[in-house]
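Got the viewer open? Let's walk through this one stop at a time, selecting as we go.

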Amino acid sequence: VGVQLGLWIGFDCIYLLGCDNTTTGSSFSDKWQRGRAHLERVVWSAKVAEDEMRCGGRELYDCTPGGGLQPTLRYLPLDMALYIDADKRQKVPVEWQ
C-alpha cells in the first residue's frame, strides 16, 4: 500500500526500507507453510511495480541491505538515498553509471 500511496501523492522515487524478504527474523515462523509462496509473490509484485513505474518515468529502489529483493529491484544504500556523506554528514548528489 505504501508504494501505491507514494505514487498517488506524486513521488517520482520510492525507496523501500525494512522490506526483509527472507525467511529469518522475528516475523517469520516455520509453522506457516505458506511462507515460501508469499516470498515468491513479494518478488513478483516488486518486479511488476518496478516495471510499471519505469514505464511512467518513476523509480523504485530497495534500501534494505540483504533484504532479498535484489536483483529484482536495484539496491541503493540508505545514505545515498538520503544524499548523506557518512564521513562529512552533508548532502551529496547521487551518481548513476
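Start with Cys13, which is partly exposed at 31% relative accessibility; buried means under 20% relative accessible area, exposed over 50%, and partly exposed in between (1.4 Å probe, protein chains only). Now pick Cys63: this one is buried, with a relative accessible area of 2%. A search of the whole structure turns up 0 disulfides, a disulfide being a pair of cysteine sulfur atoms within 2.5 Å.

A word on what you're looking at: this is a predicted model, where local features need pLDDT of at least 70 and side-chain atom pairs count only at pLDDT 80 or more, while totals for chains, interfaces and linings use all residues. Residues are numbered from 1 along each chain as its sequence is written, and side-chain values use heavy atoms, with hydrogens and water left out.

**Zoom out: the whole chain**

Switch to cartoon and trace the pattern α-β-α-β-β-α-β-β along the sequence. That gives 3 helices and 5 strands; helices (H or I, at least four residues) and strands (E, at least two) are DSSP runs, numbered from the N terminus. Of the 97 residues in the protein, 23% are buried.

**The sheet**

Next, select S1, S2 and S3. These 3 strands form an open, parallel sheet in the order S1-S2-S3, where two strands pair if DSSP finds at least two bridges between them. At the edges are strand S1 (13–16) and strand S3 (74–75), each pairing on one side only. Strand S2 (residues 59–62) runs parallel to S3 and is joined to it by 2 bridges. Show Tyr61 as sticks and you'll find it opposite Arg74 in S3.

**The core**

Which residues make up the largest nonpolar core? Select Val3, Ile14, Leu16, Ala46, Met53, Leu60, Leu69 and Leu73, and you have its 8 members. (A nonpolar core is a set of buried Ala, Val, Leu, Ile, Met, Phe, Trp, Tyr and Cys residues joined through side-chain atoms within 4.5 Å.) S1 and helix H2 (35–55) are the elements that give two or more residues to this core. Center on Ala46: leaving aside residues up to four places away in sequence, Ala46 touches Leu60, Leu69, Thr72 and Leu73, with contact meaning heavy atoms within 4.5 Å.

**Salt bridges**

Time for the charged side chains. The count comes to 5 salt bridges, each a side-chain nitrogen of Lys or Arg within 4 Å of a carboxyl oxygen of Asp or Glu.

- Select Asp12 and Arg58: their closest N and O atoms are 3.7 Å apart. Asp12 lies in the loop between helix H1 (2–9) and S1, and Arg58 in the loop between H2 and S2, so the pair ties together parts that are 46 residues apart in sequence.
- Move to Asp51 and Lys47, which meet in a salt bridge at 3.3 Å, N to O. Both sit in helix H2, 4 residues apart, or about one helical turn.
- Go back to Arg74, whose salt bridge with Glu50 has its closest N and O atoms 3.9 Å apart. This pair links strand S3 to helix H2 across 24 residues. Is Glu50 buried or exposed? Glu50 is buried at 3% relative accessibility, whereas Arg74 is partly exposed at 27%. Add Arg54 and Glu59 to the selection: salt bridges that share partners join Glu50, Arg54, Glu59 and Arg74 into one network.

**Last stop**

Finish on Leu82, in the loop between helix H3 (78–81) and strand S4 (84–85). Leu82 is partly exposed, with a relative accessible area of 45%. Draw a C-alpha to C-alpha distance to Tyr15 and it should read 9.8 Å, for two residues 67 apart in sequence.
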